[in-house]
Amino acid sequence: MIESENKASIDPIKYGPNSKFKFECHKGVKCFTRCCRAINIALTPYDIIRLKNRIGLSAEEFLALYTEPQLLEKTDLPVVILKMMDDEEKSCPFVRADGCIIYTDRPSACRYYPLGVATLSHKAGADDDDFYFFVHEPHCLGFNEDKEWTIREWREDQGVDIRDEINMDWTDLMVLKRSFPPSIKLTDQAKQMFFMASYNIEKFRKFVFESSFLERYYIDDKTLEEIRNDEIALLRFGLKWLKGILFKDEKHDIVKMREDAANIRKSSEPSDTPNN
Ligand code: SF4
Ligand code: SF4
């Protein structure tokens, strides 16, 4: 999600994956890097991992130096946005005269811009329910260019598919929470768990491997090996676990408590008693 403080209008047309549009952004446009100032860029869990690794910081350090907390509207969930600099133009900390210095690791919101996506269903992979729209800002001259794309081609070019796939359970969680009546509140502890598993991967790893977590949850050896060594696998696992603890129903309860896992195994074992 990227939001400019400049006057922006939302194109009322809803676009699908095969809809066409004309746009190009390159160093030759007069407005080059104008959109990298005074903006509200919500960071996803995968963005944090890419950015903190690119800069060589821990997630904790990155969060403290480069982000600001925000409560996501209608969800009451704590999210983070990229902190702009204190200069006159409120520039992004990564923008320079010749472009973005972390371009290959830039956040999802920067990749999507000027396209927005509305995810209407919390059902994972419910592509058919999504639609796209354009944010038009007076300073953005990219719409005057002749290059034509379909939405699908643009997404591929910007590399958003893999990011959306990794963040899918997180997006799903937001949409699910938004669909709940406002009277259903999460406890402070649940919000802290949400923040840790979403954004602070090193702290979440410690929580899994150095607390009583493994005594309480059943995790098979293969998954355990994966999440011990791979941050993305750990993030995917953490987001699934979050869904289970925040929305306590069977569908989302993928990471099983040890007791439940033992009962499931027991009921699926063949009976010793012959059926005769
Ligand atoms: S991260 Fe890069 S692309 Fe995104 S606003 Fe900052 S400079 Fe621009
Ligand atoms: S064309 Fe639009 S997206 Fe590209 S630099 Fe200019 S304002 Fe930013």
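Student: Does P45 count as buried or exposed, and how many C-beta neighbours does it have inside 10 Å?

Tutor: This is a predicted model, and burial is read from it by counting the C-beta atoms around a residue, with 20 or more within 10 Å as the cut-off for buried. P45 has 25 C-beta neighbours inside 10 Å and therefore counts as buried. The residue is found in helix α1, and, leaving out residues up to four places away in sequence, P45 touches N167, W170, S198, Y199, L235 and L239.

Student: Which residue, 121 residues apart from P45 along the chain, has its C-alpha atom 8.8 Å from that of P45?

Tutor: That residue is I166, whose C-alpha atom is separated from that of P45 by 8.8 Å although the two are 121 residues apart along the chain.

Student: How far apart are the end C-alpha atoms of helix α7, and what span should its 12 residues have?

Tutor: One compares an expected span, taken at 1.5 Å a residue, with the separation of the helix ends in the model. For α7, residues 188–199, the expected span is 16 Å and the end C-alpha atoms are 16 Å apart, so the two agree.

Student: Which residues of α7 are buried, and which elements do they pack against?

Tutor: The buried residues of α7 are F194, A197, S198 and Y199, and their packing partners are α1 (45–55), α2 (59–66), β6 (77–82), α6 (168–178), α8 (201–210) and α11 (231–246). Taking F194 as the example, it counts as buried because it has 23 C-beta neighbours inside 10 Å. Beyond its neighbours within four places in sequence, F194 is in contact with L77, P78, L242 and L246, and its C-alpha atom is separated by 9.2 Å from that of K243, 49 residues apart along the chain.

Student: How many of the 6 residues of strand β5 are buried, and how does β5 run relative to β6?

Tutor: The same kind of count can be applied to a strand, and in β5, residues 67–72, the number of buried residues is 0, so the strand lies largely in the open. β5 and β6 run antiparallel and are joined by 6 bridges, with L72 standing opposite L77 in β6. The hairpin they form has 4 residues between the strands, and there K74 takes a positive phi near 65 degrees.

Student: What surrounds ligand 2, and how do the residues of its shell divide by character?

Tutor: A shell is read by listing its residues and then sorting them by chemical character. Around ligand 2 stand C25, V29, C31, F32, T33, R34, C35, Y113, H139, C140, L141 and G142, and this shell divides into 8 nonpolar, 3 polar and 1 charged.

Conventions:
Residues numbered from 1 in each chain as written. Chains lettered and ligands numbered in written order. Predicted model: local features only at pLDDT ≥ 70, side-chain atom pairs only at ≥ 80, totals over all residues. Helix = DSSP H or I, 4+ residues; strand = E, 2+ residues; numbered from the N terminus. Expected span 1.5 Å × (residues − 1). Buried ≥ 20, exposed ≤ 12 C-beta atoms within 10 Å, placed from the backbone. Contact = placed C-beta atoms within 7 Å. Pairing = 2+ DSSP bridges. Near = placed C-beta within 6 Å. Nonpolar A, V, L, I, M, F, W, Y, C, P; charged D, E, K, R; others polar.
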